[in-house]
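Please look through the following chain with attention to its overall form, its helices and its surface. The briefing below groups the points by topic.

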Amino acid sequence: MNISYKWLKEYVDFDLTPQEVCDALTSTGLEVDALEEVQSIKGGLKGLYVGKVLTCEMHPDSDHLHVTTVDLGKGEPQQIVCGAPNVAAGQKVIVADLGCVLYDGDKEFVIKKSKLRGVESLGMICAEDEIGIGTDHAGIIVLPEDAVVGTPAAEYYHLESDWLIEVDITANRADALSHWGVARDLYAWLKQNGYKTATHRPVVDDFAVDNNSLPIDVVIENTEACKRYACVSITDCEVKESPEWLKNKLSVIGLRPINNIVDITNYVMMALGQPLHCFDADMVKGHKIVVKTMPEGTPFVTLDGEEHKLSDRDLAICNAEEPMCIAGVFGGKGSGTRRTLCSRVLTSIPRGFVSRPAVMV
């Protein structure tokens with residue numbers, strides 16, 4: 001189970017370091033297998049600083065290069081040759097100092113002393129795409145006048161690393177298959193050891209049904225395997241790219257963002273441990289969800305395009321005519337989301353099934 005250190009802090013108050021959190025969780029029985037720093041920008045902007053261009057002259061042997069002197073707030077200004085068309089004296093800029101490592105995908109290169117057409121260059125004035133904060137390469141980054149010379153770029157952009165905590169969850173600890181579940185264990189440890197702390201459960205007070213324009217009937221035929229099944233239908237929603245905060249949360253714990261509808265179901269699952277699946281309401285034939293087992297050998301194609309044969313013990317979430325997903329395990333091909341019906345499986349994982357992250361692709 002992958003847990004984000006920063007996400008965990010949203011649910012429980014603590015001042016422990018990432019390693020101290022790992023030690024505390026292990027002592028409670030949630031053994032930590034690994035701790036890894038995760039940088040939202042590769043390299044963490046190390047070696048990059050706010051500088052000020054003091055002078056800017058045309059290169060004596062080039063019609064597009066400029067020779068600049070740049071103040072990095074550490075003594076003598078540095079001479080830097082820059083090819084950007086928008087560089088000018090008086091600008092506040094982001095500078096890669098000597099020794100800084102910049103990345104281009106899996107490739108990396110170190111900023112070293114160099115000569116460009118015979119003129120020495122002691123650094124690099126950077127564009128957005130060169131340091132990973134954007135995609136613009138039309139020119140160098142020009143900062144507001146109030147940017148403080150010498151400020152590390154990581155500090156200027158408020159860049160913070162997260163830490164990925166890999167917890168080995170045993171079969172009897174399904175309650176810890178979420179950030180909220182792990183937060184409760186950490187809270188208990190903090191209280192037991194005399195720390196001042198509090199928990200903050202996600203607030204759902206604003207949730208309310210505002211119309212019944214898309215009714216979906218739910219029928220549970222196999223009540224032994226599924227005691228309760230609930231769903232909510234959503235209309236007039238736009239399927240699009242998720243906001244950055246949501247994509248970042250999922251990326252840190254190793255889930256690939258898909259779109260806002262799929263991503264929010266993954267978010268809820270990883271936050272609270274509640275598996276979710278969204279169906280396109282147009283694909284729910286008969287506007288009915290039926291929870292039941294299917295005859296032995298019933299063909300079923302999952303979201304990854306693989307065809308499977310269901311057994312008579314595989315609990316399926318069906319529409320009025322056919323299965324749409326294997327309960328708590330995997331969604332079916334063709335039930336993707338346009339207008340959505342979000343289903344919430346509460347106790348629909350029968351004996352012999354295990355909920356796993358693959359329930360959401």
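Contact here means that heavy atoms lie within 4.5 Å of each other, and it is in this sense that the buried residues of helix α6 are covered by elements that include β1 (2-4), α1, β2, β13 and α7 (260-272). The model is predicted, and its chain holds seven helices and 23 strands. With a radius of gyration of 27 Å, well over the 21 Å that the globule rule gives for 361 residues, the chain is more spread out than a compact globule.

**Overall form**

- Taken along the principal axes, the box that the C-alpha atoms of the chain fill is roughly 80 × 50 × 40 Å.
- Of the 361 residues in the chain, 43% are buried, while the area that the chain exposes comes to about 19,200 Å², with carbon and sulfur atoms supplying 50% of it.
- When contacts between residues at least 6 apart in sequence are considered, 66% of them join residues at least 24 apart.

**Helix α2**

- Helix α2 spans residues 18-28, and its buried residues are Pro18, Val21, Cys22, Ala24 and Leu25.
- Because these residues cover an arc of only 165° around the axis, they lie on the same side of α2.
- As general background, an α-helix has 3.6 residues a turn, so residues three or four places apart point the same way.
- The elements against which the buried residues of α2 pack are α1 (5-8), β2 (32-38), β13 (162-167) and α5 (179-192).
- Gly29, which comes just after α2, takes a positive phi of about 105°.

**Helix α6**

- In helix α6, which runs over residues 244-252, the buried residues are Leu246, Lys247, Lys249, Leu250 and Val252, so that two lysines are listed there beside Leu246, Leu250 and Val252.- Among the elements that cover these buried residues of α6 are α1, β2 and β13, and α1, β2 and β13 also appear among the elements against which the buried residues of α2 pack.
- Just after α6, Gly254 takes a positive phi of about 95°.

**Surface patch**

- Val204, Phe207, Val209 and Val232 form a nonpolar patch on the surface, and together they have about 400 Å² of accessible area.
- Within this patch, Val232 has its place in strand β15, which covers residues 229-234.
- Val232 counts as partly exposed because its relative accessible area is 30%, a class that lies between buried, under 20%, and exposed, over 50%.

Note on methods:
Residues numbered from 1 in each chain as written. Predicted model: local features only at pLDDT ≥ 70, side-chain atom pairs only at ≥ 80, totals over all residues. Heavy atoms only, no water. Patch = residues over 30% accessible without salt bridge, like charges linked within 9 Å, V, L, I, M, F, W, Y side chains within 5 Å. Areas by Shrake-Rupley, 256 points an atom, 1.4 Å probe, with all protein chains shown as cover. Salt bridge = Lys/Arg side-chain N within 4 Å of Asp/Glu carboxyl O. Helix = DSSP H or I, 4+ residues; strand = E, 2+ residues; numbered from the N terminus. Buried < 20%, exposed > 50% of the residue type's maximum accessible area, 1.4 Å probe, protein only. Rg over C-alpha atoms; globule rule 2.2 N^0.38 Å. Arc of directions from axis to C-beta.
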